[in-house]
Amino acid sequence: MEQIIRIAVQKSGRLSDDSLSLIKECGIKFYNGTGKLKSTSTNFPVEFLFLRDDDIPGYVADGVADLGIVGENELVEKDKEVITLKKLGFSKCRLSLAIPKGQEYSGVGYFQGKSIATSYPKILSDYLRSKGIQAEIHEISGSVEIAPSIGLAEGIFDIVSSGSTLMMNGLKEVEEVFKSEAVLIGNKNLEDWKKAILDKLLFRINAVQTGKSNKYVLMNAPNESIQRIIELIPGMRSPTILPLAQPGWSSIHSVLSEDQFWENIQELRAAGAEGILVVPIEKMVI
Ligand code: ATP
Ligand code: MG
């Protein structure tokens with residue numbers, strides 16, 4: 001049998017586009033026709049399963065899928081035995097407690113004896129227990145924000161990204177409980193040949209992530225400025241210096257994080273750099 005591993009990704013929703021983009025940026029090609037539930041890559045030993053995100057932790061724990069991409073919120077809520085292999089940096093959100101806007105909030109003790117609607121009963125009950133609060137948890141699977149206005153619960157515990165959904169429903173966020181982003185998870189008992197494929201995948205993900213957080217920077221400078229500029233942009237090993245056609249001038253190339261670039265830009269100009277270009281890096285292997 002051909003040796004391929006299975007990765008579970010969300011079929012459609014707030015994880016799926018970025019999950020598929022990451023896979024593509026890793027150079028892994030596959031056909032993703034609408035409605036397809038399975039797809040095998042044409043150039044990497046992997047098969048994709050397209051699922052609801054709720055099912056991904058369970059499928060990976062059971063070994064139906066070897067790997068999966070899911071939000072930490074779903075992962076912790078489902079409480080399945082899997083390994084978290086890598087934080088992926090997208091689908092960032094938080095789980096928060098919210099109450100009707102007009103209510104006065106004095107601290108988490110507010111929730112003592114109150115009713116709270118949520119799709120995340122485990123994360124919520126763990127949190128309330130850690131604070132010594134007893135509240136009644138109403139588990140509902142969606143549209144949690146309307147619960148207070150229809151009299152189902154006095155507060156809610158739900159995903160917040162910008163807060164605009166809360167506002168539209170007359171609620172205010174009062175406690176941020178859990179921060180989440182997408183993660184790559186894996187089955188605990190992967191065979192060695194599967195681990196070898198996983199290592200290749202992780203190598204590619206690292207190259208993509210490192211590339212994204214760095215920039216290729218080029219600039220012109222008079223030769224007497226080169227030493228000072230090198231101190232500001234040391235680069236991977238050291239910058240590249242190429243002579244310009246105009247005598248006494250050079251082009252300096254280096255790689256640095258975007259943050260570093262903004263921190264040093266004024267000093268670079270003061271040191272004599274001009275014509276500064278900042279170019280994205282697709283992949284970077286250190
Ligand atoms: P499914 O149909 O697969 O069960 P869903 O409706 O449960 O999907 P989505 O709304 O697609 O879930 O969200 C998937 C995940 O994306 C969430 O569990 C969370 O980790 C993250 N997420 C949710 N809302 C946002 C948001 N507004 N911004 C960023 N990430 C979010
Ligand atoms: Mg879901």
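In this predicted model, strands β2 and β3 are joined by a hairpin with 5 residues between them. The two strands run antiparallel and share 3 bridges. One of the pairings sets S39 against F48, its bridge partner in β3.

Strand β3 is mostly covered, with 6 of its 6 residues buried. The side on which V46, F48 and F50 point is opposite to that of E47, L49 and L51, and all of these residues are buried. Besides β2, strand β3 is paired with β1: these strands run parallel and are joined by 6 bridges. Here A8 stands opposite L49 of β3.

**The six-stranded sheet**

These strands belong to an open sheet of 6 strands, ordered β2-β3-β1-β4-β11-β5, in which the pairing is mixed. Strands β2 (38-40) and β5 (83-87) form the edges; each has a single partner strand, so one side of each lacks a neighbour in the sheet. From one strand to the next, the twist averages 25°. At the β5 edge, the partner is strand β11 (residues 182-186), and the two pair in the antiparallel sense over 4 bridges. Within this pairing K87 stands opposite V183 in β11.

Two helices lie across strands of this sheet. Helix α1 (residues 16-25) lies across β1 (5-10), β3 (46-51) and β4 (67-71), and runs at about 145° to β1. Helix α6 (residues 192-213) lies across β1, β4, β5 and β11, at about 25° to β5.

Helix α1 contains L22. Is L22 buried or exposed? With a relative accessible area of 7%, L22 is buried, because buried means under 20% relative accessible area. When neighbours within four places in sequence are left aside, the contacts of L22 are L88, F90, I205 and V208. By contrast, I241 lies 219 residues from L22 in sequence, and the C-alpha atoms of the two are 33 Å apart in space.

**The magnesium ion**

Which residues coordinate the magnesium ion (ligand 2)? The coordinating residues are D53 and D54, each through OD, at 2.0 to 2.1 Å. The accessibility of these two residues falls into two classes: D53, at 18% relative accessibility, counts as buried, whereas D54, at 27%, counts as partly exposed. The cut-off for a buried residue is under 20% relative accessible area, with partly exposed residues lying between that and the limit of over 50% for exposed ones.

**The five-stranded sheet**

A further open sheet is formed by 5 strands in the order β8-β7-β9-β6-β10, and its pairing is mixed. Its edge strands, β8 (136-139) and β10 (171-180), each pair on one side only. Neighbouring strands in this sheet are turned against each other by 25° on average, direction ignored. Within the sheet, strand β7 (residues 115-118) and strand β9 (residues 155-160) run parallel and are joined by 3 bridges. I116 stands opposite G155 in β9. Helix α4 (residues 121-130) packs on the sheet and touches β6 (93-100), β7, β8, β9 and β10; the direction of α4 makes about 170° with that of β8.

The strand pairings described for the two sheets are collected below.

| Strands | Sense | Bridges | Citation |
|---|---|---|---|
| β1 and β3 | parallel | 6 bridges | β1 to β3 |
| β2 and β3 | antiparallel | 3 bridges | β2 to β3 |
| β5 and β11 | antiparallel | 4 bridges | β5 to β11 |
| β7 and β9 | parallel | 3 bridges | β7 to β9 |

**The protein chain as a whole**

The secondary structure of the protein chain comprises 8 helices and 15 strands. The radius of gyration is 25 Å, well over the 19 Å given by the globule rule for 286 residues, so the protein chain is more spread out than a compact globule. Its C-alpha trace spans about 80 × 60 × 35 Å along the principal axes.

Of the 286 residues, 44% count as buried. The protein chain exposes about 15400 Å², of which carbon and sulfur atoms supply 49%. Among contacts between residues at least 6 apart in sequence, 68% join residues at least 24 apart.

Definitions and conventions. Residues are numbered from 1 along each chain as its sequence is written. Chains are lettered from A and ligands numbered from 1 in the order in which they are written. This is a predicted model: local features need pLDDT of at least 70, side-chain atom pairs count only at pLDDT 80 or more; totals for chains, interfaces and linings use all residues. Side-chain values use heavy atoms; hydrogens and water are left out. Donors are N, O and S atoms within 2.8 Å of the metal (3.2 Å for Na, K and Ca); water is not among the atoms, so sites may look incomplete. Buried means under 20% relative accessible area, exposed over 50%, partly exposed in between (1.4 Å probe, protein chains only). Two strands pair if DSSP finds at least two bridges between them. Axes are lines fitted to C-alpha atoms, for helices over the stretch in contact, and angles run from 0 to 180 degrees between N-to-C directions. Contact means heavy atoms within 4.5 Å. The radius of gyration is taken over C-alpha atoms; the globule rule is 2.2 Å times the number of residues to the power 0.38. Accessible areas come from the Shrake-Rupley method with a 1.4 Å probe; for residues, only the protein chains shown count as cover.
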